[in-house]
Amino acid sequence: CLESPYEREQMLSRLLERLVKIFPQMDRGYVLLANEAGNQLKPVAIRQSVQDRLEEMTIRPVTRSIARQVLNEGKAVLSVDRISAEERRSVLDHEFRSIMCAPLVAATRKPLGIIYIDSNDAKRRFTPEDLNILTCVSILTGQALEQESRHSARFRAVVDTAADGIVTFNDHGLIELVNPALEQLFGWKAD
């Protein structure tokens, strides 16, 4: 069980690091999770090439149309484009871009978010076989996130309805969770 959003972000960051080993041509990777309504994506894990990290401190744009398509249709997409000189933002941008994007699908078939990776390596573009691998990874990741969410909800329900006061601390000694019984016992609200 992932006990906090921080642990979820760490797990998803490790996932991106492992994807670099599978897809060495990968320049950037993002895991974006959808909000409850499913209409907005929030980056929770980012992996950029060393060159990108040196050039700028912000994440590069995710192709919105591809992200929307993958989230709405629940199907993975492979795109290999030649980028015109006008579309390039700077002389540092490359002529070719290869993108793979796959939905994080739960057992309910509802997309929880996406995994988005791209490459500017014209000689080693992503292939349909690469997309099949990413799709398998995204399905397993989506199922893990769904299980974690269910477990967390069950855990929270038990803690919130316990008659005894409960407090949990993280590895650094900071309070992570306080239940309503403890709040009532001490007469204050946890914020």
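This is a short tour of one protein chain, stop by stop, for you to follow in your viewer.

**The whole chain**

Start with everything shown as a cartoon, and keep in mind that this is a predicted model. You should find five helices and seven strands. Follow them along the sequence and the order is α-β-β-α-α-β-β-β-α-β-β-α. The chain has 191 residues, and 37% of them are buried. Now switch on the surface: about 11,900 Å² is exposed, with carbon and sulfur atoms supplying 53% of that area. Among contacts with a separation of 6 or more, 53% join residues 24 or more positions apart.

**The largest core**

Next, select Leu19, Phe23, Val31, Ile115, Ile117 and Leu134. These are the residues with the most contacts inside the largest nonpolar core, which has 21 residues. At least two core residues come from each of α1 (5-22), β1 (28-34), β2 (41-48), β4 (96-105), β5 (111-119) and α4 (128-161). Helix α1 gives the most, with five residues. As a general rule, nonpolar side chains in soluble globular proteins tend to be buried together.

Zoom in on Phe23. Which residues does Phe23 touch, leaving out those up to four places away in sequence? Met100, Ile117, Phe126, Asp130, Ile133 and Leu134.

**A second core**

Apart from the largest core lies another one, made of twelve residues. Select Ile66, Val70, Ile99 and Ile114 to see some of its members.

**Helix α3**

Two of those names lead to the next stop. Show residues 64-73, which form helix α3, and colour Ile66, Ala67, Val70 and Leu71, its buried residues. Why do they sit on the same side of α3? They cover an arc of only 125° around the helix axis, which puts them on one side together. The general background is that an α-helix has 3.6 residues a turn, so residues three or four places apart point the same way.

Now turn the helix around. Arg64, Ser65 and Asn72 are exposed, on the face turned away from the buried side. Just past the end of α3, pick Gly74, where phi is positive at about 70°.

**The β1-β2 hairpin**

Move on to β1 and β2. These strands run antiparallel and are joined by seven bridges. One pair to select is Leu32 and its bridge partner in β2, Pro43. Six residues lie between the two strands of this hairpin. In the turn, look for Gly38, which has a positive phi of about 80°.

**Two cysteines**

Select Cys101 and Cys136. Cys101 is buried, with a relative accessible area of 0%, whereas Cys136 is partly exposed at 48%. How many disulfides does a search of the whole structure find? Zero.

**Towards the end of the chain**

Go to Ile166, in the loop between α4 and β6 (167-169). Ile166 is partly exposed, with a relative accessible area of 28%. Beyond its neighbours within four places in sequence, Ile166 is in contact with Val159, Leu177, Val178, Asn179 and Leu182. Try a distance label too: the C-alpha atoms of Ile166 and Ala181 are 7.3 Å apart, with 15 residues separating them along the chain.

For the last stop, select Lys189, in the segment after α5 (180-186). Lys189 is exposed, with a relative accessible area of 63%. From its C-alpha atom to that of Val178, eleven residues away along the chain, the separation is 9.0 Å.

Definitions and conventions:
Residues numbered from 1 in each chain as written. Heavy atoms only, no water. Helix = DSSP H or I, 4+ residues; strand = E, 2+ residues; numbered from the N terminus. Buried < 20%, exposed > 50% of the residue type's maximum accessible area, 1.4 Å probe, protein only. Contact = heavy atoms within 4.5 Å. Areas by Shrake-Rupley, 256 points an atom, 1.4 Å probe, with all protein chains shown as cover. Core = buried A, V, L, I, M, F, W, Y, C linked by side-chain atoms within 4.5 Å. Pairing = 2+ DSSP bridges. Arc of directions from axis to C-beta. Disulfide = S-S within 2.5 Å.
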